Amino acid sequence: MSAVDEFSVAITKPYGAVKGNLEAYIEVQFELTDGRNVRPDGLIRTSRGKRSWTALIEVKTGNKELKPEQIEAYLDLAKEQGFDCVITISNQIARIPGEHPVEVDKRKLKKVALHHISWSRILTEAVLQKSHRGVADVDQAWILGELILYLEHPNAGAVDFCDMGEHWVGVRDGVKHGTLRHSDKKAVEVANKWEELVSFAALRLGRKIGTDVQEVLTAKEKKDLSVRIASIVETMVSRGVMSGKIRIPNTAGDIKLRAD
C-alpha cells in the first residue's frame, strides 16, 4: 500500500483516510494503561498538511478466524492513542457492506470505528486498479501486478469462498425429505453461508468484468440482516430454494442467483 499510490487510496478512502502520503509499519509494540501488551499486525497512517488518519491492522490468512478479544484489545488501544479505526483482514466475508463478521462489545465502538476487508475484496480492488482504473507509475503498476500474482497463488492463504459449511449436507437432505423446520439453527447457519456466497459472487464477477458489482438488498435488510436471513430460511423450508440478486452498474437490470 505504501508503494502503490492509487491502490492505497482505493483501500483506505472508504474508511475516511485523507488522500496523501501513506506510512506503513509492521508489528508495532504497545502497552495499554492497564498493563496489557498488544502488538497489532500493522499500523498505517496517511497525512496531508495538518490532517492525518491512523488505523491499526489485524490480519488472518487461510482458515484462521478473527478473535473478538483480540479485536477489542486493539479497539482499546486505538481509543487510548487517538487512532481513527481498526481494520481487520481475513477470508471471512462481510455479508453486507459495512458489517463486521465478528461480534464485539458495541460500547468499544463509540470512539473508534471497526472495519473489515476480505482477502477477496483486496484482490478485487487490486485487479480493478491495475487492469481497469490504471496506475500512473510503471514501476508501481508492476508492484501491484506482483501482489495480484501472490494473492492468486494457492499457498498465499488468501482463499476464495470454498464451501457451504459443515451443516450443508444435513440441511440439503432435510429440504429433500421435507423435514427441515424454520427453527432449525443449522438452517440459519446455511442461510448465512448462502449470503456470504452471494457477496463473494458479486466480488468475483466484479473482478472479472472490471466494475463494482453489489448485492441488492432492501432498506430493511441492510438495516437488519436477520430479516434477510429469515427470508432465506423461509424459502428454503417452504420451496427448497435460496435466492439472491446482484446489480452490475450500467446494465438494464439485476441478475438473480438461485439454488434449488
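This is a short talk on salt bridges, surface charge and a few single residues in one protein chain. The model is predicted, so please keep that in mind throughout.

I will start with charge. Side chains of opposite charge can pair when their charged atoms come close. In this chain, the count of salt bridges comes to 12. I will go through some of them, beginning with D76.

Which residues does D76 pair with? One partner is R36, where the closest N and O atoms are 3.0 Å apart. That bridge joins distant parts of the chain: D76 sits in helix α2, which covers residues 68-81, while R36 sits in the loop between β2 (30-31) and β3 (37-38). Along the chain, D76 and R36 are 40 residues apart. Another partner is K108, and here the N to O distance is 2.9 Å. Again the pair links distant parts of the chain, because K108 lies in the loop between β6 (85-90) and β7 (113-118), 32 residues from D76. So helix α2 is tied through D76 to the loop holding R36 and to the loop holding K108.

How accessible are these three residues? D76 has a relative accessible area of 17%, so D76 is classed as buried, since the cut-off for buried is under 20%. R36 has 35% and is partly exposed. K108 has 24%, which also makes K108 partly exposed. If you look at the structure, then, D76 is the buried member of these pairs, with partly exposed partners in R36 and K108.

The two bridges belong to a network. D34, R36, D76 and K108 are linked by salt bridges. When you find D76 in the model, look for the other members of that network around D76.

For a pair within one element, turn to helix α3, residues 119-133, which holds both R121 and E125. Their closest N and O atoms are 3.4 Å apart, and they form a salt bridge. The two residues are four apart in sequence, about one turn of the helix. Is E125 buried or exposed? E125 is buried, because its relative accessible area is 12%. R121 is partly exposed, at 21%.

Next, charge on the surface. Which residues gather in a patch of positive charge there? They are K13, K19, R48 and R51. Of these, R51 can be placed in strand β5, residues 51-59. R51 has a relative accessible area of 57% and is therefore exposed, the cut-off being over 50%.

Now some single residues. P68 is in helix α2, the helix that also holds D76. P68 is partly exposed, with 31% relative accessibility. What does P68 touch, apart from residues up to four places away in sequence? The list is V102, E103 and V104. For E103, the C-alpha to C-alpha distance from P68 is 6.7 Å, although the two are 35 residues apart in sequence.

A113 is in strand β7 and is partly exposed at 30%. Leaving out neighbours within four places in sequence, A113 is in contact with L75, D84, C85 and V86. By contrast with those contacts, G49 is 23 Å from A113, C-alpha to C-alpha, and 64 residues away in sequence.

E27 comes next. Most residues other than glycine have a negative phi, and most peptide bonds are trans. E27 has a positive phi of about 50°, and E27 is not a glycine. Where is E27? E27 lies in the loop between β1 (21-26) and β2, and E27 is partly exposed, with a relative accessible area of 44%.

Last, two residues from further along the chain. D184 is in the loop between α5 (168-177) and α6 (185-209), and D184 counts as partly exposed at 27%. Its C-alpha atom is 9.2 Å from that of V233, with their positions 49 residues apart along the chain. N192 is in helix α6. N192 is buried, with a relative accessible area of 16%. The C-alpha atoms of N192 and R228 are separated by 9.3 Å, and the two residues are 36 apart along the chain.

To finish, I would go back to D76. D76 is buried and is part of the network with D34, R36 and K108. That is all from me.

Terms used: Residues are numbered from 1 along each chain as its sequence is written. This is a predicted model: local features need pLDDT of at least 70, side-chain atom pairs count only at pLDDT 80 or more; totals for chains, interfaces and linings use all residues. Side-chain values use heavy atoms; hydrogens and water are left out. Patches are made of residues with over 30% relative accessible area and no salt bridge: like charges are joined within 9 Å, nonpolar side chains (Val, Leu, Ile, Met, Phe, Trp, Tyr) within 5 Å. Accessible areas come from the Shrake-Rupley method with a 1.4 Å probe; for residues, only the protein chains shown count as cover. A salt bridge is a side-chain nitrogen of Lys or Arg within 4 Å of a carboxyl oxygen of Asp or Glu. Lys and Arg count as positive and Asp and Glu as negative; His and the chain ends are not counted. The place of a charge is taken as NZ of Lys, CZ of Arg, CG of Asp or CD of Glu. Buried means under 20% relative accessible area, exposed over 50%, partly exposed in between (1.4 Å probe, protein chains only). Contact means heavy atoms within 4.5 Å.
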